[in-house]
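Got your viewer open? Here's a short tour to click through at your own pace.

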Amino acid sequence: RLLMRRISRRLMSTTTFRGPRQAWIEASLEARLEPTFLEVVNESHGRKEDESHFFAHVVSARFEGKKLLERHRMVHDALKEADGSLPFHSLRISAKSPDQAAAAVPAAPKCAGGDGR
């Protein structure tokens with residue numbers, strides 16, 4: 001689990017800007033939701049340094065048995081300030097339990113041979 005987060009974070013850090021707000025989002029979600037998979041992407045328009053728009057893909061056992069709206073609220077609650085607002089403009093969320101995440105990945109098709117006959 002920890003290895004998956006490190007790999008994901010390492011891949012993202014080599015390909016995109018990762019600023020202090022993104023690091024804070026990742027740390028907050030890890031602390032509150034104990035995800036088995038976490039990916040936070042800066043989707044800000046214009047300069048990435050603005051850190052105004054984010055996508056959070058979170059897979060956590062804490063989402064088991066929760067409806068979609070409840071899962072989204074859990075992510076939002078982990079990031080909101082005292083007045084209930086987010087410290088950035090926009091947050092797009094994908095929040096799934098491990099079972100839901102596994103079901104979302106289609107199985108590879110069975111090999112039909114591929115030898116040209």
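We'll go through the strands, then a helix, then some charged pairs and two backbone oddities. Keep in mind that this is a predicted model.

**Stop 1: the strands**

Start by selecting residues 53-59, which make up strand 2. Is this strand mostly covered or not? Mostly covered: six of its seven residues are buried.

Now add residues 37-42, and you have strand 1 as well. These two strands pair in the antiparallel sense, over six bridges. To find a spot where they face each other, click E39: standing opposite, in strand 2, is H57.

Next, bring in residues 90-96, which are strand 3. In which sense does strand 3 pair with strand 2? This time the pairing is parallel, and it runs over seven bridges. Pick H53 and look across to strand 3, where S90 stands opposite.

While strands 2 and 3 are lit up, select residues 68-79 too; that's helix 3. Follow the chain through strand 2, helix 3 and strand 3, and you're tracing a right-handed β-α-β unit.

**Stop 2: helix 2**

Hide what you like and select residues 20-33, which is helix 2. Helix 2 has 14 residues, and from its first C-alpha to its last it reaches 20 Å. That's close to the 20 Å expected at 1.5 Å a residue.

Colour Q22, I25, E26, S28, L29 and L33: these are the buried residues of helix 2. Turn the view until you look down the axis, and you'll see that those buried residues fall within an arc of 165 degrees, so they line one face of the helix. Swing round to the other side of helix 2 and you'll meet P20 and A31, which are exposed.

**Stop 3: salt bridges**

How many salt bridges does the count come to? Four. Let's visit some of them.

Show the side chains of R18 and E26, which form a salt bridge with their closest N and O atoms 2.4 Å apart. The partners sit in contrasting surroundings: R18 is partly exposed at 31% relative accessible area, while E26 counts as buried at 2%.

Move on to E34 and R62, another salt bridge, where the closest N and O atoms are 3.4 Å apart. This pair links distant parts of the chain, 28 residues apart: E34 is in the loop between helix 2 and strand 1, and R62 is in the loop between strand 2 and helix 3. E34 is partly exposed at 40% relative accessibility, and R62 is partly exposed at 39%.

Then select R92 and E43, whose side chains meet in a salt bridge at 2.5 Å, N to O. Here, too, distant parts of the chain are linked: R92 belongs to strand 3 and E43 to the loop between strand 1 and strand 2, 49 residues apart. R92 is partly exposed, at 45%, and E43 is partly exposed as well, at 27%.

**Stop 4: two unusual phi angles**

Some background for this stop: most residues other than glycine have a negative phi.

Go back to E34, just after helix 2, and check the backbone: phi is positive there, at about 45 degrees. Finally, click E51, which is in the loop between strand 1 and strand 2. E51 isn't a glycine either, yet its phi is positive, about 45 degrees. Is E51 buried or exposed? Buried, with a relative accessible area of 5%.

Notes. Residues numbered from 1 in each chain as written. Predicted model: local features only at pLDDT ≥ 70, side-chain atom pairs only at ≥ 80, totals over all residues. Heavy atoms only, no water. Buried < 20%, exposed > 50% of the residue type's maximum accessible area, 1.4 Å probe, protein only. Helix = DSSP H or I, 4+ residues; strand = E, 2+ residues; numbered from the N terminus. Pairing = 2+ DSSP bridges. Right-handed = clockwise from strand over helix to strand, strands pointing away. Expected span 1.5 Å × (residues − 1). Arc of directions from axis to C-beta.
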